Amino acid sequence: MDSGIFHTTYEKDMALRRTPAQKIRLVVFILFLLVFPFFANRYYLTLANQVAIAVIGAIGLNILTGYTGQISLGQGGFMAVGAYTAGILTARMGMPWWGSTIVACFVTAAVGAVFGIPSLRLKGLYLAIATLAAQEIILWVVTHWRALTGGVDALVVPNPVTLGIQINNDFNFYWVVWGIVGLVTIAAVNLFRTPYGRAFIAISDQDIAASVMGVDLFKYKLLAFAISSFLAGLAGALTAHYRNIVTWERFTIDVSVLYLAMIIIGGLGSITGSYMGAAFMTLLPAVLTNLGRAVKGFYPAIDSILPFIQQATFGLVIILFLVLEPEGLNKIWKNIKDYFRLWPFSY
Amino acid sequence: MDLFIQLTLTGLTNGAILALAALGFVLIFKASDVINFAQGEFLLIGAYVTFAMIAQFGLAWPLGMLLTLLIAVALGVIVERLVLRPMIGEPIISVIMVTIGLSSLLRAIVSSIWGNQPKAFPPFIPSNPVNVLGATVGEDRLWAIVIAIVMLGIFSVFFRRSREGIAMRAVADDQQAALSMGISVKKIFAWAWSIAAASAAVGGALVANIVGVGPELAGFGLRVFPVVILGGLDSIPGAVIGGVVIGLLEAYTGGYIGQGLNQVLPFIVLIVILMIRPYGLFGQEIIERV
């Protein structure tokens with residue numbers, strides 16, 4: 001009978017997966033991902049791909065906001081930088097899709113670091129407002145620099161093809177994008193076992209204390225912005241290649257809010273939470289649409305009010321989570337596990 | 001020269017409306033340290049409820065306006081009680097996020113009642129063109145400036161003279177000290193939210209009178225940020241002066257330069273101000289250095 005999980009060696013304490021149950025769950029999850037595309041139809045594959053892109057963006061934002069404690073409302077703008085860079089490089093200069101994606105990541109990281117400069121002087125809500133301004137400025141540049149981005153018109157990106165295989169049909173893209181998600185996840189969880197990740201966490205706990213202990217705030221805050229924007233750019237570039245089209249409407253302030261909602265509902269400072277939040281917020285509108293279709297038979301007016309229901313649910317879910325379970329889905333999952341581990345003495 | 005006066009008048013009216021929205025924003029921040037991302041939606045609701053009272057129920061406009069204000073006050077109290085009170089003591093990101101969630105919810109409620117199409121507003125303030133120094137401007141725009149000045153006057157008197165106003169300043173200064181002096185902090189928060197909602201409702205009715213009602217009125221919620229950062233997040237005169245400055249800036253850049261630059265310039269100003277003077281022109285210098 002155990003009353004919790006306690007580690008007796010440093011190796012165990014440092015391990016990413018500490019218990020056999022965790023390892024089994026991971027294997028089951030990976031097996032599910034490997035088998036899923038062979039049984040799913042196109043609709044579910046599209047959803048899975050959307051979730052994957054959202055997971056990349058959410059992990060990126062979580063590194064900045066969850067782990068480093070720098071609130072950012074600019075995620076949508078950074079994704080726009082990634083998407084437009086990738087789109088322009090491929091459409092106008094004929095760069096292969098993977099090349100433009102890599103360049104887009106680095107360009108976005110640089111842009112993110114520039115807009116991260118205010119974080120050296122501001123924190124909390126002032127930083128949130130500064131990143132909000134960054135979002136508005138980036139989107140304005142995107143819609144008004146017609147020569148480069150095509151302005152408000154959609155930018156059409158040619159189909160990504162490698163070795164004669166078209167990458168962006170739902171089935172092929174599934175493997176590409178979930179492969180990238182796997183790499184990003186491994187990089188992210190290991191980041192927080194390195195001095196860099198530890199420094200990020202120290203900054204979010206107490207920035208002054210961190211600086212006294214020798215953490216260079218200037219360097220690490222900009223680095224956090226750069227890494228986070230790198231992943232935002234990756235998510236944006238993948239969207240561009242997957243959709244064949246880049247439009248500014250996909251990267252408005254609403255997107256920034258959506259990603260912030262993902263990591264808050266999933267759990268701040270948790271990679272697992274990023275997965276849960278991204279899946280939850282991506283699937284929620286789809287589930288509502290399907291529910292709407294289901295009740296359409298005896299309530300035909302549902303079509304006209306469905307968008308409002310989706311918007312209201314979005315707001316309501318955020319409010320309810322913050323009021324009832326501020327630590328998000330990850331905490332709920334933990335509570336469920338604890339309940340069964342300690343059963344019958346759980347209270 | 002005519003263009004200059006025209007633009008100045010347009011800028012002043014827009015600034016007056018921005019200032020009205022910013023007043024409520026500053027009030028909430030002053031009393032409870034909460035950044036209200038739903039301020040634009042308060043404006044939206046004010047505009048639509050006034051629209052419903054006057055155009056749909058056919059009430060005389062003084063009565064309709066009064067009912068709108070009552071509804072706005074009730075909305076403020078409900079929002080404070082149900083959404084913001086559980087957030088006391090939570091980290092800033094949760095507080096920011098909860099008002100964002102609130103804005104999404106309120107916008108959805110408004111559009112499910114009144115739809116997404118912009119509607120013409122039966123003007124209760126006449127919009128006859130008036131000749132001012134050679135430029136023509138709608139009468140309603142001039143009224144907007146007058147009303148903003150009157151509201152500012154009422155707010156200043158309220159904060160200096162009334163019991164609740166002084167209590168609100170005490171709460172803003174130090175919640176614990178205020179509590180120990182027998183001030184109910186909860187009541188003060190409710191006051192702040194209801195006054196904020198009411199002033200936004202007045203702003204909403206004014207905008208609706210000038211440009212009609214539509215869901216894009218909620219955009220004022222974002223345009224308020226440059227105003228309050230310029231003026232100082234906790235300064236009421238700052239909100240008004242910031243509103244006028246940003247309003248004029250938008251009008252001049254829109255009129256002389258164009259290219260949509262007037263949409264982005266306020267945000268560039270915002271970042272510049274944040275970098276050199278984060279507490280704004282009139283705010284208290286208590287911002288933490290990093």
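Author: Two residues are in contact if their C-beta atoms, placed from the backbone, lie within 7 Å. With that rule in hand, take chain A. Residues 24 or more positions apart account for 74% of its contacts with a separation of 6 or more.

Reader: OK. And what share is it for chain B?

Author: There, 75% of the contacts between residues at least 6 apart in sequence join residues at least 24 apart.

Reader: Before we go on, what kind of model is this?

Author: This is a predicted model: local features need pLDDT of at least 70, side-chain atom pairs count only at pLDDT 80 or more, and totals for chains, interfaces and linings use all residues. Residues are numbered from 1 along each chain as its sequence is written, while chains are lettered from A and ligands numbered from 1 in the order in which they are written.

Reader: What mean pLDDT does chain A get?

Author: Its mean is 84 (pLDDT is the predictor's confidence in each residue, from 0 to 100). In chain A, 98% of the residues reach 70 or more. Chain B averages 82, with 97% of its residues scoring at least 70.

Reader: Where is confidence lowest in each chain?

Author: In chain A, strand β3 (residues 165–166) has the lowest mean among the elements, 72. Helix α3 (residues 42–67) of chain A has the highest, 90. In chain B, the low spot is strand β1 (residues 129–132), at a mean of 72. The high spot of chain B is helix α3 (residues 61–84), at 88.

Reader: What are the scores for the model as a whole?

Author: The ipTM is 0.83 and the pTM is 0.87.

Reader: New topic. How many helices and strands are in chain A?

Author: Chain A has 15 helices and four strands. Both are DSSP runs numbered from the N terminus: H or I over at least four residues for helices, E over at least two for strands.

Reader: And how many in chain B?

Author: Chain B has 11 helices and two strands. Along the sequence, the pattern reads α-α-α-α-β-β-α-α-α-α-α-α-α. The radius of gyration of chain B is 19 Å, and the globule rule gives 19 Å for 290 residues, so chain B is as compact as a globular protein of that length.

Reader: What's the globule rule?

Author: It is 2.2 Å times the number of residues to the power 0.38, and the radius of gyration is taken over C-alpha atoms.

Reader: What does chain A give against that rule?

Author: Chain A has 21 Å. A compact globule of 347 residues would come out near 20 Å, which agrees. Along its principal axes, the C-alpha trace of chain A spans about 65 × 60 × 45 Å. For chain B, the C-alpha atoms fill a box of roughly 55 × 50 × 35 Å.

Reader: What share of each chain is buried?

Author: In chain A, buried residues make up 44% of the 347. In chain B, they make up 52% of the 290. A residue is buried with 20 or more other C-beta atoms within 10 Å of its own, exposed with 12 or fewer, and partly exposed in between; the C-beta atoms are placed from the backbone.

Reader: Which residues of α3(B) are buried?

Author: They are B:G64, B:M65, B:T68, B:L69, B:A72, B:L75, B:G76, B:V79, B:E80 and B:L84.

Reader: And what covers them?

Author: The cover includes α2 (39–56), α4 (92–114) and α8 (185–211) of chain B.

Reader: Now the two chains together. How many residues make the contact?

Author: Chain B gives 37 residues and chain A gives 37 residues. On the chain B side, α4, α9 (220–231) and α11 (261–276) each supply at least two residues. The largest share of that side, 16 residues, comes from α4(B).

Reader: Back to chain A. Is A:A240 buried or exposed?

Author: A:A240 is buried, because 32 other C-beta atoms lie within 10 Å. A:A240 sits in helix α11 of chain A.

Reader: What does A:A240 touch?

Author: Leaving out residues up to four places away in sequence, A:A240 touches A:A83, A:A86, A:G87, A:V157 and A:V246. A:P158 is 82 residues from A:A240 along the chain, and their C-alpha atoms are 9.7 Å apart.

Reader: Last one. What is the phi of A:N244?

Author: A:N244 has a positive phi of about 65°, although it is not a glycine. A:N244 lies in the loop between α11 (217–243) and β4 (245–246) of chain A.

Reader: Why does A:N244 count as partly exposed?

Author: Because A:N244 has 16 C-beta neighbours inside 10 Å.
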